[in-house]
Amino acid sequence: MSEKLKIKLSIADRVYPLTIDPSQEEGLRKAAKNIEQLAKNFEQNYAVRDKQDVLAMCALQFASKIEQHSIEQLEDTTEVTARLKALDELVSDKLSVK
């Protein structure tokens, strides 16, 4: 069992102490950095000062990216499945003709 790592992440002017697996550290630090950058962008470009509003906008942006990615993957999977079925039918037709 790997030993836990204690880190502190700063998000929206608050420090969050976390106890994590060492393998999670890089991802968590990158995520916190991305949140900070996006929050700063919202504050500068939209004159939003309330941290809760800024964090809600960040959450919406990140969640929408995840959802859009899921939709695109589903569309890709549907297209691939349709092509494979068509190919299977073509091969089956060719094999059954004698």
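1. Ile 20 counts as buried in this predicted model, because its relative accessibility is 5%, and a residue is called buried when that value is under 20%. Ile 20 is found in strand β2, and, with residues up to four places away in sequence not counted, Ile 20 touches Lys 4, Leu 5, Ile 7, Glu 25 and Leu 28. By contrast, the C-alpha atoms of Ile 20 and Leu 84, which are 64 residues apart along the chain, are separated by 43 Å.

2. Thr 19 is also found in strand β2, yet Thr 19 counts as exposed because its relative accessibility is 51%, and the exposed class begins over 50%. The value for Thr 19 should therefore be read with that cut-off in mind. Leaving aside neighbours within four places in sequence, Thr 19 is in contact with Lys 4, Leu 5 and Lys 6. The C-alpha atoms of Thr 19 and Lys 6 are separated by 4.5 Å, although the two residues are 13 residues apart along the chain.

3. Two alanines deserve a check of their backbone angles. Most residues other than glycine have a negative phi. Ala 12, in the loop between β1 (5-11) and β2 (14-20), has a phi near 55°, a positive value in a residue other than glycine. Ala 47, in the loop between α1 (25-46) and α2 (51-96), likewise has a positive phi, of about 50°, although it is not a glycine. The surroundings of the two residues can be set side by side: Ala 12 is buried, with a relative accessible area of 12%, whereas Ala 47 is exposed, with a relative accessible area of 57%. Ala 47 comes just after α1, the helix taken up in the next point.

4. The length of α1 agrees with what its residue count would suggest, because at 1.5 Å a residue its 22 residues should span 32 Å, and its end C-alpha atoms are 31 Å apart. Within α1, the buried residues are Ala 32, Leu 38, Ala 39, Phe 42 and Glu 43. Seen down the axis of α1, the buried residues fall within an arc of 135°, so they line one face of the helix. An α-helix has 3.6 residues a turn, so residues three or four places apart point the same way. On the other side of α1, Glu 26, Lys 33, Lys 40, Gln 44 and Asn 45 are exposed. The cover over the buried residues of α1 includes β1 and α2.

5. The packing of α1 against α2 can be described in the usual terms. Two packed helices are described by the angle between their axes and the distance between the axes. For α1 and α2 the angle is about 120°, and the axes are 9 Å apart, with a crossing that is right-handed. On the α1 side, the contact is made by Asn 34, Ile 35, Leu 38, Ala 39, Phe 42, Glu 43 and Tyr 46, and on the α2 side by Lys 51, Val 54, Leu 55, Met 57, Cys 58, Gln 61 and Phe 62. By class, this contact has 10 nonpolar, 2 polar and 2 charged residues. Leu 38, Ala 39, Phe 42 and Glu 43 are among the α1 residues that make the contact, and these four are also among the buried residues of α1.

Technical notes: Residues are numbered from 1 along each chain as its sequence is written. This is a predicted model: local features need pLDDT of at least 70, side-chain atom pairs count only at pLDDT 80 or more; totals for chains, interfaces and linings use all residues. Side-chain values use heavy atoms; hydrogens and water are left out. Helices (H or I, at least four residues) and strands (E, at least two) are DSSP runs, numbered from the N terminus. Buried means under 20% relative accessible area, exposed over 50%, partly exposed in between (1.4 Å probe, protein chains only). Axes are lines fitted to C-alpha atoms, for helices over the stretch in contact, and angles run from 0 to 180 degrees between N-to-C directions. A crossing is left-handed if the near helix is turned anticlockwise from the far one by less than a right angle, and right-handed if clockwise. Contact means heavy atoms within 4.5 Å. Ala, Val, Leu, Ile, Met, Phe, Trp, Tyr, Cys and Pro count as nonpolar, Asp, Glu, Lys and Arg as charged, and the others, Gly among them, as polar. The expected span of a helix is 1.5 Å times one less than its number of residues. The arc is that of the directions from the helix axis to the C-beta atoms.
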